[in-house]
Amino acid sequence: MPDTSIPAVDLGFLELIEVGPAKRLRYEPNSRANIITGDNSFGKTFLLESVWWALTGHWIETANAPRRDAPRDAPRMLFSLNTPRKTSSFDVRYDWNGHAWIPRTETERPAGIAIYARHDGSYVIWDAMSGRGGTARPDGQVVLDRKELWHGKRGSDHHGHEVSICNGLLSDWVMWQTKRARYGETFEAFARCLKILSPPGGQAFEPDEPVWLPGDEREIPALKMDYGVVPLLHAAAGVKRVIGLAYVAIWAWFRHKRNAALARRSPLDRMVLLVDEVDAHLHPKWQRSIVPAIMDTIDMLSKDLKVQAHFATHSPLVLASVEPVLRSGEDSIHHLFLKEGSVELDVMDLGNLGSVDAWLTSDVFGLKHARSMEAEALIERAKQAQMADDPDAGQVAEIDSGLVKHLRDDDEFWPRWRYFADTVCRRGG
């Protein structure tokens, strides 16, 4: 059984009062998969950054700020963290003199393991089991920008000695693959992750033998693709994003297991995963499979590992793809929207909408029609003409000409429009 003397945490709730785009916003994630959606600038990334702070006690870059018009005593962040033993609640206020949120004490610092895939391609890994040695920061947090993710990161331990914080994807992949006697379990897990996360309908990601590139003395990982072997540095942006996530998941988990062994403890049994813009750079076919594939990947790491995931997206394909796999009582879809000058958050009904078009015309995306803007405007004009007491034949003919230009011959709008238009034009003629 996992050692619960260092209990792992996940998020119970997070309530923001007079912070960022919200006068008051309460996020109550479920225990497994949570999908966060909403229009640009409504706070998906803002919410994920706040979740990360609640889990770890640290901001990655700058702290989320109170609203400019907030009264002095109003800004607060309330949240709870769950462990197998208990739920701990926190109420943190803003220090206007120090321009910062009042930090938690050492006894209030949470334990756990968390991974945050950020929108800019960087990653943050929090692991309380890593202790205070061998990291660039004393708080158990490792930040890897896009370059460091691929090429590695150096830092200093608490004695000032230079250490390798992360070897980087390129180096670790080759090491895991070529030194199977030592890293066989790690490489096999990584290869399984690549297969699970592969885009549907094509050849699954499969590592090939490392290659050399002109002017670079390193061995570079290579992938077997439908059209041949591709050095990883030459892979497409979407492929790199997904492979980066697979690498960080494997690197963080096996690093955690090593640190647990050094501490003579069992690995923790909970992990929190945050992925911003999970659909970024992905073809629509891939968007339909990526979230279920990520959940399957994490499940593969350990049969004892429970994962609370938070995915931010504005892709209707992602939302349609999760309908068959969401579990009532374990998963949620959360919708950010604007109301009277403030952003609010609703939990959506998990009932299936059934199609991408239905998602596009739902309250989440707010389109009147799942068509081009020109077609949408013409259909709205056509509907107004149909409702008129005495429709003008010239206007109807003009609308009809536009619809011919912007709608397919088999568009579902034609039957109801054609009869009306023909009747009006005959009467007008």
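**Helix 7**

Start by selecting residues 290-301, which form helix 7. Its twelve residues reach 17 Å from the first C-alpha to the last, close to the 16 Å expected at 1.5 Å a residue. Keep in mind as you go that this is a predicted model.

Now switch on a surface for everything else. How many of the twelve residues of helix 7 are buried? Ten of them are, so helix 7 is largely enclosed by the rest of the structure. To colour the buried positions, pick Ile290, Val291, Pro292, Ala293, Ile294, Met295, Thr297, Ile298, Met300 and Leu301.

**Stepping back**

Zoom out to the whole chain. The protein has 429 residues, and buried residues make up 52% of them. Its secondary structure comes to twelve helices and 18 strands. Taken along the principal axes, the C-alpha atoms fill a box of roughly 90 × 60 × 40 Å. If you draw the contacts between residues at least 6 apart in sequence, 62% of them join residues at least 24 apart.

Colour by confidence next. The average pLDDT is 89, and 94% of the residues score at least 70. Which elements have the lowest and the highest mean pLDDT? Helix 12 (residues 414-428) has the lowest, at 85, and helix 3 (residues 169-178) the highest, at 97. Two stretches deserve a cautious eye. Over residues 132-138 the pLDDT is below 50, and this stretch has 19 contacts in the model beyond near neighbours in sequence. Residues 1-5 also stay under 50, with ten contacts beyond four places in sequence.

**Helix 5 and the residue after it**

Select residues 237-262 to bring up helix 5. At 1.5 Å a residue, its 26 residues should span 38 Å, and the end C-alpha atoms are 37 Å apart, which agrees. Helix 5 is mostly covered, with 20 of its 26 residues buried.

Then move just past the end of helix 5 to Arg264, where phi takes a positive value of about 60 degrees. Arg264 sits in the loop between helix 5 and strand 15 (270-275). Is Arg264 buried or exposed? With a relative accessible area of 70%, Arg264 is exposed; the cut-off for that label is over 50%.

Carry on along the chain, beyond strand 15, to His281 in the loop that leads to helix 6 (284-287). Here too is a positive phi in a residue other than glycine, near 70 degrees. His281 counts as exposed, at 59% relative accessibility.

**Phe205, in a loop but buried**

Select Phe205 next, in the loop between helix 4 (180-197) and strand 12 (206-213). At 4% relative accessibility, Phe205 counts as buried, since the cut-off is under 20%. Show its surroundings: leaving aside neighbours within four places in sequence, Phe205 is in contact with Leu194, Lys195, Leu197, Ser198, Pro199, Leu223, Met225, Val239, Ile243 and Trp286. One of these, Leu194, is eleven residues away along the chain, and the two C-alpha atoms are separated by 5.6 Å.

**Val124, in a strand**

Jump to strand 8 (residues 123-127) and pick out Val124. Its relative accessible area is 0%, so Val124 is buried. What does Val124 touch, not counting residues up to four places away in sequence? Its partners are Trp52, Ile60, Ala114, Ile115, Tyr116, Arg118, Gln141, Val142 and Val143.

For a sense of scale, draw a line from the C-alpha of Val124 to that of Ile379: the separation is 47 Å, between residues 255 apart along the chain.

**A pair of helices to finish**

Ile379 belongs to the last stop, the pairing of helix 10 with helix 11. Two packed helices are described by the angle between their axes and the distance between the axes. Select residues 373-387 for helix 10 and 393-406 for helix 11: the axes come within 10 Å and cross at roughly 150 degrees. That makes helix 10 roughly antiparallel to helix 11, because an angle over 145 degrees earns that description. The crossing of helix 10 and helix 11 is left-handed.

Finally, show side chains where the two helices meet. On helix 10, display Glu374, Ala375, Leu378, Ile379, Arg381, Ala382 and Ala385. Opposite them on helix 11 are Gln395, Val396, Glu398, Ile399, Gly402, Leu403 and His406.

Definitions and conventions:
Residues are numbered from 1 along each chain as its sequence is written. This is a predicted model: local features need pLDDT of at least 70, side-chain atom pairs count only at pLDDT 80 or more; totals for chains, interfaces and linings use all residues. Side-chain values use heavy atoms; hydrogens and water are left out. Helices (H or I, at least four residues) and strands (E, at least two) are DSSP runs, numbered from the N terminus. The expected span of a helix is 1.5 Å times one less than its number of residues. Buried means under 20% relative accessible area, exposed over 50%, partly exposed in between (1.4 Å probe, protein chains only). pLDDT is the predictor's confidence in each residue, from 0 to 100. Contact means heavy atoms within 4.5 Å. Axes are lines fitted to C-alpha atoms, for helices over the stretch in contact, and angles run from 0 to 180 degrees between N-to-C directions. Angles under 35 degrees count as roughly parallel, over 145 as roughly antiparallel, 65 to 115 as roughly perpendicular and the rest as oblique. A crossing is left-handed if the near helix is turned anticlockwise from the far one by less than a right angle, and right-handed if clockwise.
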